[in-house]
Amino acid sequence: METAYLIETVIKIVVILLIFSALAGIGTYFERKVLAFMQRRLGPVNVGPFGLLQVAADGIKLFTKEDIVPKNVVGRIFKIAPVITAATAFMAAAAIPFLPSFTLFGYEVHPIVADINIGILYILGVMGIGLYGPLLGGMASANKFSLLSAARGAAIFISYEVITGLSILAPIMMVGSLSLIDFNEYQAGGITDWIVWSQPVAFILFWIAAFAETGRTPFHLIANDHEIIDGFGTEYSGMRWGLFFIGEYANMFFISFVMALIFLGGYGDGSFLGALGLLAKVAFFFFFFLWTRAAWPDVRPDQLMWLCWKVLMPIAVINIVITGIVMM
Amino acid sequence: MHNEQIEEHFKNRNVTEIDSNYYMVDIAPYPTDGWGKFKRVLKRSFRGELFVGLWVVLREMIKFDTHTIKYPEEKMPIGPRYRAVHEMKRLWESDTERCIGCGLCEKICISNCIRIDTKLDENSRKEVTEYSINLGRCIFCGYCAEVCPELAITHGGEYENASDQREHYIMYQDMLTPLDKMKAGTQLEFEGFGAVTPHEDERVKKTPLAY
Ligand code: SF4
Ligand code: SF4
């Protein structure tokens, strides 16, 4: 492996890490603002103009807060769990092309860390490993609410992994590749080429599953404040809790990218406009995460399982069968 | 609502008869067989109620009609009957203190937080020497203001209190309307319990002589 490639990759990784850590913070700001406006409140207004510096204030608080490791927890696992959440979220980003390739100072940059030929499988796999964050954190916390949350987390992740996998199978069959860049090329012809038109069912299934994967309302059962406090995060404080948080928000951004790339044409033909389009789509998906949080109540765990196994999975299988028949 | 309607409500508590706005919730029987349940799922899935919810919150966001009061800068107006930290009033005619040291407030206080001490002054009038209210114990029930025969002790509107200890005493001098305020004629009468109600003159009946 040549040095230039190595340096380039490291730079890309650092840039992605920095940007998405910062975005996670700004994401919380937007979440609070959007939720506030939808509920006829103002949200943060006091720190900085329009409360913008609230993010910085929260960051300072998280970093300087005492790192409490309670009695009776399984120390090592307790400490490593938030790292798993954050790390897997960012690892998944490795196979996501964030922008079309562009030329910077005469050097062609591909804004993807590794264009591996099993991109989607890799992303889904790593996001699946993200389950271990809540699971281990909850089980090691010596707290019944955390334990409940861990159990719920395991059930939800494993169930909805099935939906994600099955729903994405049909588009994969159409494209014939697992690389997200190939997906993008497949839809490069314009809006009419978007997979969402030929696979609307798969799109909606994947979208629903994305809510479960990222643990957002209406499937916010693993940290359902009014039932089990903060679930797996109850015993965490300071930056360890912050890592869970960054992981959750990074996941939201990444899954938005994946959805936009697979179903909504990604960055299209790779022009500047296409890149803007991709960002707009991601912004919409992110906004939708916040939007549903303001509008919809949480479902019960049994309803969630019911929805997964009795409704979504049969639909996903039928969708695959129909896609197969049509393609034959 | 109109006045007659309100009065009607007092007489007839059976709301369904007066107000046609009330109606029984229509609860359809729950499906028991599989097919019925399946139909219910379909109906619930495709009725689009989720989108109604989305629209409602989006509409509120676009309207941007927030109701937040930025508290330290903005404050809600409070009613004149609000029961916050006590005040001691002065007489309009002579600017002297209204309190006659009768001790009724101390007697009635249900949390026992008023302490009053009096002595006779040189004109053989009772004079208040000590008067304190332990605000840490006070539950702001308003009994003292209600019982006071002179409308001397009343409640004020000062509700932003902080103290470095639980037993926070407020003294007579702190509660008394300052003289300059009195001279400027800006003392506010309390309208709550025990205060003179409007049109009291017309309502008052003469006490019969034989009483
Ligand atoms: S408001 Fe009630 S508790 Fe407070 S001093 Fe008056 S009588 Fe006592
Ligand atoms: S405040 Fe009123 S009730 Fe209390 S001692 Fe004075 S006159 Fe009597």
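Visitor: What makes the space of about 90 Å³ the largest cavity, and how many cavities are there?

Guide: This is a predicted model, and a search of the whole structure finds two cavities of 30 Å³ or more. The largest cavity holds about 90 Å³ of space, while the second largest has a volume of about 70 Å³. Each is called a cavity because a 1.4 Å probe fits there but cannot get out.

Visitor: Which residues line the largest cavity?

Guide: Its lining has 17 residues, and those nearest the centre are Cys99(B), Cys102(B), Cys105(B), Cys148(B) and Ala152(B). By class, 13 of the lining residues are nonpolar, two are polar and two are charged.

Visitor: How do you know what takes up the space of the largest cavity?

Guide: Ligand 2 takes that space. A molecule counts as sitting in a cavity if more than half of its atoms lie within 2 Å of the grid points, so ligand 2 meets that test for the largest cavity.

Visitor: What makes a residue part of the shell around ligand 2, and which ones belong?

Guide: A heavy atom of the residue must lie within 4 Å of the molecule. Among those around ligand 2 are Met88(B), Cys99(B), Cys102(B), Cys105(B), Ile116(B) and Cys148(B). Ten residues of this shell are nonpolar, two are polar and none is charged. Cysteine counts as nonpolar here and glycine as polar, so Gly101(B) and Gly103(B) are polar members of the shell.

Visitor: Where does ligand 1 sit?

Guide: Ligand 1 takes the space of the second largest cavity. Around ligand 1 there are 13 residues, and Cys109(B), Ser111(B), Cys138(B), Cys141(B) and Cys144(B) come nearest. This shell has nine nonpolar, four polar and no charged residues.

Visitor: Which residues line the second largest cavity?

Guide: The lining includes His86(B), Cys113(B), Phe140(B) and His155(B). It divides into eight nonpolar, four polar and no charged residues.

Visitor: Why is the space of about 1,900 Å³ called a pocket, and what lines it?

Guide: A pocket is an open set of points with protein on both sides, whereas a probe in a cavity cannot get out. The largest pocket has a volume of about 1,900 Å³. Of its 40 lining residues, Ile208(A), Leu307(A), Arg44(B), Ser45(B) and Leu50(B) are the closest to the centre. Helices α9, α12 and α13 of chain A and α3 and α4 of chain B each supply at least two lining residues. The greatest share comes from α13(A), with ten. The lining has 28 nonpolar, four polar and eight charged residues.

Visitor: How do you know that β3(B) and β5(B) pair?

Guide: Pairing needs at least two bridges, and three join β3(B) to β5(B), so these strands count as paired. They run antiparallel. In one of these bridges, Ser132(B) has Met171(B) as its partner.

Visitor: What makes β2(B) and β3(B) a pair?

Guide: Seven bridges link β2(B) and β3(B) in the antiparallel sense, and the cut-off is at least two, so they pair too. Lys119(B) stands opposite Glu127(B) in β3(B). Five residues lie between the strands of this hairpin, where Ser124(B) takes a positive phi near 60 degrees.

Visitor: Why are β2 and β5 of chain B called edge strands?

Guide: The open sheet has the order β2-β3-β5 in chain B, with antiparallel pairing. Both β2 (114-120) and β5 (169-171) have a single partner strand, so one side of each is left without a neighbour in the sheet. From one strand to the next, the twist averages 20 degrees.

Methods. Residues numbered from 1 in each chain as written. Chains lettered and ligands numbered in written order. Predicted model: local features only at pLDDT ≥ 70, side-chain atom pairs only at ≥ 80, totals over all residues. Heavy atoms only, no water. Helix = DSSP H or I, 4+ residues; strand = E, 2+ residues; numbered from the N terminus. Axes fitted to C-alpha atoms, helices over the stretch in contact; angles between N-to-C directions. 1 Å grid on protein atoms, 1.4 Å probe; cavity = no way out; pocket = protein on both sides within 12 Å on 5 of 7 lines; lining within 4 Å. Points joined across faces, edges and corners; volume = space filled by probe spheres on them.
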